[in-house]
Amino acid sequence: MDRSKESAYLAHRVAFLTQHGKQDLVKAPLESALGCELVHTDAFDTDQLGTYTREIARPGSQLDAARSKAQIGMRLTGAPIGIASEGSFGSDPFGGFMPWNTELLLWVDPAHELEVTGFAHGPAQSLHRTVNSLDELMQFAQDAKFPEHHLVMRPDHEDHSEIVKNIHDEATLVQVFAKLQAQSASGKVFVENDLRAFCNPTRQALIRKACDDLILKLQSACPQCQSPGFWIQSNIAGLPCRACGQKTRLPVAQVWHCAACQHEEQRALPSDPWADPSRCDFCNP
C-alpha cells in the first residue's frame, strides 16, 4: 500500500552515497512508502571508510561509518536528508559457529536532529580458505555459492598486498588462481567470498530487510510530537510461569520511545498470559 500521503518526507530529496549498487535495492521501496526522492551519488570512494578485505580498517563502529557516509552524501548532493548502508560480519550470536551478517540502514535528518536506524540480521555467505590446487579451489567455489556470489583471491595468506576482487566467472577464476599461485612463496592461494553488496546476493537480501525495518520505523509517528521513528526501545520482563507463578525473563510489555521529544509509552504485549515452565529459571534452572 502506498503510504506516501502520510509521510513526513513526501517530495523530500534524500542522498544515498554508495559505490556498490545498494541504491537499486532500496530506491523503489523507500520512494513508494515515503514519497521521497532518492538521490544517488558515487562521487566519494567509500573504501576510504574501511574495506571487508582488510586493506583499510574501519576506524569506528558500524553506526559511525554509516553516519559518515550519510553526511558525505548530503554534502555532495545538497540534499537535506541522508541515508547510508553499512554491513558487518562475524560469528552468529547463538553458538558462534556460523558466519553472520548484520545490516544497518541509517536515516539522518539534521533539520530535526533525528536519526532512525533499520536493522536486519542473518546467516552470511562469508567463507574463506587457503587452497593448494585447482581441485581444492573448485570445491571451495561450490561451497561459497560461486558464481552468484563473487570471490576474492590473494597469494599465500589473507593479508597479502596483491589482491584480485570481483571474480565472477570460472574462466577468470582459473586464470587468476594460476597467476597468484605462481606469485606465491608457498604455492598456496587464499580465497574468500567478496562481501561487497553487488557481489553477494545473500547480503542483498538482508539489506532489503533492513530497508523494510527502516520504513516501518519512519512510518511510526510519535503520538506526542508526530516525529517519525517512534519505536521499541526496550522490553519489560516478568511474564509469570504457568507452573509456579514466579516472574520469568520473558517480556510482558515494551517501552516505545521518541528520539525527538523523549516521549515514552509502555505497551502490553498481546501474548499468552503465562510462560511455559521450560522458560522459567525456578522450574527449569
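## Cysteine pairs and salt bridges

The sulfur of Cys225 lies 3.7 Å from the closest cysteine sulfur, that of Cys261, which is too far for a bond. This is a predicted model. The disulfide count is zero. The salt-bridge count is 17.

**Cysteines**

- A disulfide is a covalent bond between the sulfur atoms of two cysteines.
- The cut-off for a disulfide is a sulfur pair within 2.5 Å.
- Cys225 and Cys261 do not meet that limit, because their sulfurs are 3.7 Å apart.
- Cys222 has Cys258 as the residue with the closest cysteine sulfur. That separation is 3.7 Å, so no bond is assigned here either.
- Cys222 is buried, with a relative accessible area of 0%.
- Cys225 is partly exposed, with a relative accessible area of 32%.
- By the distance rule, the structure therefore has zero disulfides.

**Salt bridge Asp159–Arg54**

- Asp159 pairs with Arg54 in a salt bridge, with the closest N and O atoms 3.4 Å apart.
- This pair links distant parts of the chain, 105 residues apart.
- Asp159 sits in the loop between strand 7 (151-155) and strand 8 (164-167).
- Arg54 sits in the loop between strand 2 (37-41) and helix 2 (62-77).
- Arg54 is partly exposed, at 32% relative accessible area.

**Salt bridge Arg67–Glu115**

- Arg67 and Glu115 form a salt bridge, and their closest N and O atoms are 2.7 Å apart.
- The two residues are 48 residues apart and link distant parts of the chain.
- Arg67 belongs to helix 2, while Glu115 belongs to strand 5 (residues 114-123).
- Arg67 counts as partly exposed, at 22% relative accessibility. It falls in that class because buried means under 20%.
- Glu115 is partly exposed as well, with a relative accessible area of 34%.

**Salt bridge Glu265–Arg267**

- The side chains of Glu265 and Arg267 meet in a salt bridge, at 3.2 Å from N to O.
- Glu265 is partly exposed, with 25% relative accessibility.
- Arg267 is partly exposed, with a relative accessible area of 33%.

**Salt-bridge network**

- Arg54, Arg154, Glu158, Asp159 and Glu192 are joined into one network by salt bridges that share partners.
- Arg54 and Asp159, both members of this network, also form the 3.4 Å salt bridge described above.

Terms used:
Residues numbered from 1 in each chain as written. Predicted model: local features only at pLDDT ≥ 70, side-chain atom pairs only at ≥ 80, totals over all residues. Heavy atoms only, no water. Buried < 20%, exposed > 50% of the residue type's maximum accessible area, 1.4 Å probe, protein only. Salt bridge = Lys/Arg side-chain N within 4 Å of Asp/Glu carboxyl O. Helix = DSSP H or I, 4+ residues; strand = E, 2+ residues; numbered from the N terminus.
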